[in-house]
Amino acid sequence: MAKVSFTQTLSKEYENLFNGCLVRPERMDAVESIIAKLQENKDRYQNVGGNLSIPWFFVAVIHNMESGLNFNRHLHNGDPLSKRTVNVPAGRPKKGKPPFTWEESASDALTMKGLERKTDWSLAGTLYQLERYNGWGYRLYHSHVLSPYLWSFSNHYRSGKYISDGTWSDVAVSKQCGAAVLLRRMAELDQIDFPDQPGLIHDAALLICHYAMTKSEDQAVVTSVEELQRWLNTFPGIFVKIDGIPGNRTSEAYKRVTGFYLPGDPRA
């Protein structure tokens, strides 16, 4: 299959999709349940990813997509660890003898993709590697559908998927939560961050700014709001006037970054 290059245009596309990603309300419980399981096994993901300089959360969401979080399955494609992989990619791992440990298989799957080599783990770079891991079939041959491997369970996906290798259906709907959707929700929960993205502030005083359409008479409150507005302006595509008023514009920018309106906003 042809290779898709990681260009500035593609990088911007990934960033825009991630920034505009909304979990479908009817899927939120399922998303939260998966994330809870990822957190439970974070140490195992870190052990494998850390040895290869790969973020733990990349390993985690791949494990969900390929193996349904089953530690008795190959990270390559979900085949049983009791023998080498049968499905594409077949015959992995090439070294060692079955049965394999999950860690052995996972390390082989990740290095087979060359992910241990100075990979760009920016937000866009991570999404590029996720789509690459699954393959470029959607982008190259069915570009009217954003890959459900990334975007299923979100506003970016409704239907259309490969129901088997090389067999396409416009009406089939993915029953898996997309990897990018999991990352988006994890970022909203402040469980992960990306090296090129400003992290969430951890000073509670900055986070607790209540919605209001007028400036407070309390200068300490005004200062906190102004600091929040300065922080919001560090995010790409967000432009908020630093006026100390936590009104509609500030609340909308806050929602774009965190997924939530300011406390007290009637739209919350």
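Let me begin at a single residue: Asp-190 follows helix α9 and has a positive phi, near 60 degrees. The model on the screen is a predicted one, and I shall use α9 as the way into it. For background, most residues other than glycine have a negative phi, and most peptide bonds are trans.

What, then, is the setting of α9 itself? Ten of its ten residues are buried, so α9 is largely enclosed by the rest of the structure. The cut-off for a buried residue is a relative accessible area under 20%. The buried residues of α9 include Ala-179, Ala-180, Val-181, Leu-182 and Leu-183. Arg-184, Arg-185 and Glu-188 in α9 are buried as well, as are Met-186 and Ala-187.

Which elements cover these residues? The cover includes α1, which spans residues 8-19, together with α2 and α4. It also includes α6 (123-134), α8 (148-151) and α12 (248-258).

I turn now to one of those neighbours, α4. Two packed helices are described by the angle between their axes and the distance between the axes. For helix α4, residues 56-67, and helix α9, residues 179-188, the angle is about 135 degrees and the axes lie 9 Å apart. That angle makes α4 oblique to α9. The crossing of these two helices is right-handed.

Which residues form this contact? On the α4 side they are Trp-56, Phe-57, Val-61, Asn-64 and Met-65. On the α9 side they are Ala-179, Leu-182, Leu-183 and Met-186. Of the residues in the contact of α4 with α9, eight are nonpolar, one is polar and none is charged. As a reminder, an α-helix has 3.6 residues a turn, so residues three or four places apart point the same way.

Helix α4 has a further partner in α2, residues 28-40. The axes of α2 and α4 come within 10 Å and cross at roughly 125 degrees. That makes α2 oblique to α4. The handedness of the crossing of α2 and α4 is right-handed. Here Ile-34, Leu-38 and Gln-39 of α2 meet Trp-56, Ala-60, Val-61 and Asn-64 of α4. The residues of the contact of α2 with α4 divide into five nonpolar, two polar and no charged.

If one sets the two contacts side by side, Trp-56, Val-61 and Asn-64 of α4 appear in the list for α9 and in the list for α2.

Let me step back to the chain as a whole. How many helices and strands does it hold? There are twelve helices and two strands. From the N terminus, the order of elements is α-α-α-α-α-α-α-α-β-β-α-α-α-α. Along the principal axes, the C-alpha atoms fill a box of roughly 70 × 40 × 35 Å.

Of the 268 residues, 49% are buried. The accessible surface of the chain comes to about 13,600 Å², and carbon and sulfur atoms account for 51% of that surface. Among contacts with a separation of 6 or more, 55% are between residues 24 or more positions apart.

I come next to the backbone between the helices. The loop between α4 and α5, the latter being residues 102-112, contains Pro-93. A cis peptide bond joins Arg-92 to Pro-93, with omega about -15 degrees. Pro-99 also has its place in the loop between α4 and α5. The peptide bond from Pro-98 to Pro-99 is cis, and its omega is near 0 degrees.

Two further residues deserve mention for their phi values. Lys-118, in the loop between α5 and α6, has a positive phi near 30 degrees. Phe-153, in the loop between α8 and β1 (161-164), has a positive phi near 80 degrees.

Are these two residues buried or exposed? Lys-118 counts as exposed, at 86% relative accessibility. Phe-153, by contrast, is buried, with a relative accessible area of 6%.

I shall close at the start of the chain. Thr-7 lies in the segment before α1 and is partly exposed, with a relative accessible area of 38%. How far is Thr-7 from Gln-176? Their C-alpha atoms are separated by 28 Å, and the two residues are 169 apart along the chain.

Conventions. Residues are numbered from 1 along each chain as its sequence is written. This is a predicted model: local features need pLDDT of at least 70, side-chain atom pairs count only at pLDDT 80 or more; totals for chains, interfaces and linings use all residues. Side-chain values use heavy atoms; hydrogens and water are left out. Axes are lines fitted to C-alpha atoms, for helices over the stretch in contact, and angles run from 0 to 180 degrees between N-to-C directions. Helices (H or I, at least four residues) and strands (E, at least two) are DSSP runs, numbered from the N terminus. Angles under 35 degrees count as roughly parallel, over 145 as roughly antiparallel, 65 to 115 as roughly perpendicular and the rest as oblique. A crossing is left-handed if the near helix is turned anticlockwise from the far one by less than a right angle, and right-handed if clockwise. Contact means heavy atoms within 4.5 Å. Ala, Val, Leu, Ile, Met, Phe, Trp, Tyr, Cys and Pro count as nonpolar, Asp, Glu, Lys and Arg as charged, and the others, Gly among them, as polar. Buried means under 20% relative accessible area, exposed over 50%, partly exposed in between (1.4 Å probe, protein chains only). Accessible areas come from the Shrake-Rupley method with a 1.4 Å probe; for residues, only the protein chains shown count as cover.
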